Amino acid sequence: MNHVVWSFACVYLLEVTCPDSALASEAKRPSLGVDVISLNGKWQLMNSNSSVSVSAEVPGCVHTTLQRQGFISDPYYRFNDLAYRWISLDNWTYTTSFSVPSHVRGKGKAVLVFEGVDTVSTISLNGLTIGKTDNMFRRYDFDVTGLLKDEENVLQVWIMSAVTYASQRSHAHTEYRVPPDCPPPVQKGECHVNFIRKAQSSFSWDWGPSFPTLGIWKGVRLEVFNTSRVLSYTTSPKYDSEHSSWTVEVELFFDVFVASKGLVHLSIPLLQSEAEFQLSLTPGQSEKSFVLQLNQSVSLWWPFGHGEQFLYYLTIDVSLEGGETFNADQMVAFRTVELVQEPIPSSPGLSFYFRINGKPIFLKGSNWIPVHAFQDQVTTDMITILLRSAQKANMNALRVWGGGVYEQDIFYSLCDMYGIMIWQDFMFACALYPTEKDFIQTVREEVTQQVRRLKSHPSVVIWSGNNENEAAIATDWFNIPVTVRPLYVKDYVHLYVENIRDIVLQEDSTRPFLVSSPTNGVESEKEGWVAKDPYDPHYGDTHFYSYYKDCWDWTAFPRTRFASEYGFQSWPSLSTLSKVSVSSDWDFSSNFSAHRQHHEDGNQQMLKQAELHYILPNSTDPLQKYRDTIYITQVMQAQCVKIQTEFYRRSRSDIVEGKGHTMGTLYWQLNDIWQGPSWSSVEFGGKWKMLHYWATDFYAPILSAGVEDKGDLLIYGVSDSHSETHNVKAKVKLHSWSSFNAVCSLESNVTTIKAGGSTLVFQYSISALLTQCGNCTRRSCIVTFHLSSPEGQMISPHNHIFLSSPRYAEGLQKPNITFTVKDTGIVQNFFVTLHCSFPAVYVWLDVDNIPGHFDVNGFLMLSKKSTVIFGAWRPTTAEEITSNLHITSLRDVY
Ligand code: BMA
C-alpha cells in the first residue's frame, strides 16, 4: 500500500480537501480537570519465548510491527498468509513504561483507558494484574488509583493467541456444539471464530485471508482526576410530530469520584437555540440527559440524491462549581427514519422500505467489508476514497456487514457529510454463537458502547443484529437435527432479541432495529424470530446468489422487497495483483490463482458464467491471456450485476404475481480486504473495476432500463424523484456491429414517468423491429436507448441491450483502437481520445499503476472517435499515461 498515493487521492479524485483533523479525531479529549497522559507511541513487543523482540507502535498490531521492523515481508505477498500463520499461533507481550508527574499522581482517581485491544489480554501495571480483555469491540477502563509511581511505571499487555483462545473456548463448551467448527478448507482459515468477540473475517472469509491479528489496535491513555470525567456523550435529534417541532436530547455519561454540582449549557448557534441545566453528580457511573428545545425550523438532512445534508454544530459546555469545565462540539442533523412494514394491495406479505423525513427512499448501494486485515493500517484517505467512490457511483446507502468491524468514527462522519445511509450490522456473521454468561456479558457491554458511540450519526439509519444467522438456523446450514433445533433457536433469541435488541431499544429510540439480514422482519418475529423461510420475497430483505445459472435471465431473480445482498465475483486488475505476485503466478491455473480464491469453485464459476455470453480469451501470449481473462471476469460481473440491479429498480412499483415493490439494492460488495478475486466493485488500493463504473449508470437518479420480455423489447423509465414527474420519450437506435451508422432510429410517444416508480415507456415486438430495420438480425445488431425530454434534452444515461449473446455477434470485428492523450488544463485531468476502425463493445481503459479514474469506462463505442477523461490522483503526465495505457475491447480477447 502506497500511502502517498492515497493522500494525493484525497485532493485529486475527491475534489474536496481531506477532512480536517477535528472531524477525524476519535474520542474527544476529556477535560473537567482531567489530566491525560497518552500512552500511544513506542512500546516494546515480544513473543512468548523472547526469540522476537522489537519496538512497536501503539496503536498497531503484531503483523504490522513485524513488517515495519523488517522481520517479515508483506503478509499479503503471494502465499505469506500461510507462511506467517505462526504469528497468530504465538502469544505476544506489549510493554511500555511511563512516568507520572507528582502533581498528577496526587489526584484522586487514576484510570487506564484502552480504546481497543485485539483481543484476549491480561494487563498488568508495575507487576500487578489490573484487568483482562476478551472483546476487540469494547473500550476498557481500568482503575489504577494508588498503583502509580512517579518514575518508570511499567505497563504490560500480554495478548493470547486468538486462535488458541477460540479453540479452548469451543472445547470447553461440551454440552452441545456451536457450529461451524471451521471454515471450508478453500478459505485456509482458522477454527471456532464464533467463540471470540473479534472481527469474524479475521479467521478467513470467502473473499479474504486468515490473519487472526493480535495487538493494541486503538489508543491507550491514562486519565487522572479529582472530581469526575466524561466517559462519552450522545446527541439525538427527535421529532415531535404532534407539534411539528424538533428537540435534541443530549446524554452525558460521567465517571464521578467526588459529588459535585454544576451547569450544563447546550447551544446550536445557527438555530439560535440554547438552554442551561443544573447538574448534580453523585459518586459512581452516572448518566444525565438534557433536552434542548429548538425555537426555529430546521433544514433537514437528506440521503444523497434527495436533498442536502444539513449539519449543525451543537456545543456542550459543562462547568462544575469547583471551576472545572468540559466542552465539546458535535455535529447534529435532523432527519426521521422509519422502516415501513405494512400490507401492500394485491400482494401477500408486507412491504419493507425506508421512509426518511416522511418520504419513501429507494436504497441504492453496496456492502462494506473491512478495508484491511490490519485495521491499524486503515487511513482516513482510504476510507474517504471508498466513500467518495460510492457516492460518485450514485450510491446513497452502504451496509456495514456483520463479519467485520464497527467502523471508525471518521467513516460515519463522512457518511453524514456525503448523505450515505448506513445499515449497521452488529458483528455476528454466518454462524451460531455461544450464550455463556460471560459471552453475553461482554456482548452487552460491546453493544451498549457501540450504540452510544454511533447513535449521534444521522447516516446510521438502522441497526441489524447479525448477518445470515436466522437463515443459518432456518435453512439448516449446519446439519442440526430437528429435535435439537429449539435449543439453538433459544440461544439465538437470547442473544439477539433478549440482549442485543433489548439494549438497542433502551439506548436508541431514533432508528429501527432488525434482528437479522436476511429476515422477514415482523413476520420473523411472529414466527418466533426464526422464520420458516427468511428468504421469502414477500417479507423483509433477501440475499440471493446464483453463479451457474445464466445471469441474463432476469426472470430467475427473486422479486424481493429489498435486495440486501447479491453479486458475482471478478478478478482485480493485473496492476493490483502484481504488487503481491510474480510473473509465474499470472496464469488462471497457477497455484497463486487457486490460493487467492477462497470461494469454492469461484474461478470456475466466473469462467462458466462468462462463457455463456462471451468467447473466452485465447491469446497465445500467456500474459495477454491472463490480462484478458481478468478483463472477461470483470465484463461478466458488471453485466450480471447491472441486469440484476436494473431488474430490482424496475420492480420498485410493480407487483407481479404478488411480488415486487422492491425498495433497495445493496450489491455484494463494495471494497476488498486484499488483492484477490471477490465480489467487490472497487479493488484493494481503490481502483475501480468495470462494475463500479457501471454502477454510476445503473444507479442514476433516472434510469432507462431495457429488457426483453416474451419477444418484446420493453424500456422502462425508473425515477427516484419524490414528486417531480418527467415527460420523456425513449430514443431507440439499432446499430449493426459492422458499421458506424445507426441502422434505424425510433422514438416513443411522450410518456410521463411517475415519481418514485417505474413506468413502461416503450414496447415493441423484437421481430417487428428487426424486420423494419431491414439489415438487422439479433446477432448483427445491438439496441441503444436513452430517455430524453420532448425538447430533446437527455434525461437518463445511455443504455443498451443485446438481442443475442455477444459470443454469437455477427460482424463484430477487431476495432484496432488507437489513442492520444492530452492535458485538459485542469489539474491532473487528461483527455484520452480513442479512434477505432469498427464498433467496439466493453471498451476498457487501464492505466496500470497510475492511480485515478476515468469519467466512463467499459463502454460501447459506436463512433470512430470518442474522448474520455482520466482524473489522476497524483501528479502525472500525458506521456506517463500514454506509456501505461492498455485498451481492451471484447473482440480483442479472442
Ligand atoms: C454473503 C455475505 C458474506 C459472503 C458473501 C459472498 O453470504 O454475507 O458472508 O462473503 O455472501 O459469499
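**Exercise 1. Helix α16**

Which residues of α16 are buried? Decide whether the helix is enclosed, and find its packing partners.

*Solution.* The model is predicted.
- Step 1: list the covered positions. Gly602, Asn603, Gln605, Met606, Leu607, Gln609 and Ala610 are the buried residues of α16.
- Step 2: weigh them against the helix. α16 spans residues 602-611, and 7 of its 10 residues are buried, so the rest of the structure largely encloses it.
- Step 3: recall the geometry. An α-helix has 3.6 residues a turn, so residues three or four places apart point the same way.
- Step 4: name the partners. The buried residues of α16 pack against α15 (591-596) and α17 (622-650).

**Exercise 2. Helix α18**

How many residues of helix α18 are buried, and which elements do the buried residues pack against?

*Solution.*
- Step 1: count. Helix α18 covers residues 690-698, and 7 of its 9 residues are buried.
- Step 2: identify them. They are Met690, Leu691, His692, Tyr693, Trp694, Ala695 and Phe698.
- Step 3: look for neighbours. Among the helices, these buried residues pack against α8 (380-392) and α17. Among the strands, they pack against β34 (664-667), β35, β45 (840-846) and β46 (852-854).

**Exercise 3. Strand β36 and its partners**

Work out how β36 is covered on its faces. Then trace its pairing with β35 and β40.

*Solution.*
- Step 1: test burial. β36 runs over residues 712-719, and 8 of its 8 residues are buried, so the strand is largely enclosed by the rest of the structure.
- Step 2: split the faces. In a regular strand the side chains alternate between the two faces of the sheet. One side of β36 carries Asp712, Leu714, Tyr716 and Val718. The other carries Leu713, Ile715, Gly717 and Ser719. Both sides are covered.
- Step 3: take the first partner named. β35 (residues 702-709) runs antiparallel to β36, joined by 8 bridges. Serine 704 faces glycine 717 across this pairing.
- Step 4: check the turn. The β35 and β36 hairpin has 2 residues between the strands, and lysine 710 has a positive phi near 45° there.
- Step 5: take the other partner. β40 (residues 757-765) also pairs with β36 in the antiparallel sense, over 8 bridges. Here serine 719 stands opposite glycine 757.

**Exercise 4. Glycine 756**

Where is glycine 756 found, and which residues does it contact beyond its sequence neighbours?

*Solution.*
- Step 1: place it. Glycine 756 sits in the loop between β39 (751-753) and β40.
- Step 2: grade its exposure. Its relative accessible area is 25%. Buried needs under 20% and exposed needs over 50%, so this value counts as partly exposed.
- Step 3: list contacts. With neighbours within four places in sequence set aside, glycine 756 touches Arg652, Ser719, Asp720 and Ser721.
- Step 4: compare sequence and space. Threonine 725 is 31 residues from glycine 756 in sequence, and their C-alpha atoms are 8.8 Å apart.

**Exercise 5. The β43 and β44 hairpin**

In what sense do β43 and β44 pair, parallel or antiparallel? Describe the turn.

*Solution.*
- Step 1: read the pairing. β43 (residues 818-823) and β44 (residues 829-835) are antiparallel, with 6 bridges.
- Step 2: pick a pair. Valine 821 has valine 832 in β44 as its bridge partner.
- Step 3: inspect the turn. The hairpin has 5 residues between its strands, and glycine 825 in the turn shows a positive phi of about 95°.

**Exercise 6. Unusual backbone geometry**

Find cis peptide bonds at threonine 119 and proline 518. Then examine the phi values of glutamine 272 and serine 346.

*Solution.*
- Step 1: set the baseline. Most residues other than glycine have a negative phi, and most peptide bonds are trans.
- Step 2: take the cis bonds. Aspartate 118 and threonine 119 share one, with omega about -10°. Threonine 119 lies in the loop between β6 (109-114) and β7 (120-125). Serine 517 and proline 518 are also joined by a cis bond, with omega about 0°. Proline 518 is in the loop between β29 (513-514) and α13 (522-526).
- Step 3: take glutamine 272. Its phi is positive, near 45°. The residue is in the loop between β17 (260-268) and β18 (273-281), and is exposed at 58% relative accessibility.
- Step 4: take serine 346. Its phi is positive, near 60°. The residue is in the loop between β22 (337-340) and β23 (353-356), and is exposed, with a relative accessible area of 64%.

Conventions:
Residues are numbered from 1 along each chain as its sequence is written. This is a predicted model: local features need pLDDT of at least 70, side-chain atom pairs count only at pLDDT 80 or more; totals for chains, interfaces and linings use all residues. Side-chain values use heavy atoms; hydrogens and water are left out. Buried means under 20% relative accessible area, exposed over 50%, partly exposed in between (1.4 Å probe, protein chains only). Helices (H or I, at least four residues) and strands (E, at least two) are DSSP runs, numbered from the N terminus. Two strands pair if DSSP finds at least two bridges between them. Contact means heavy atoms within 4.5 Å.
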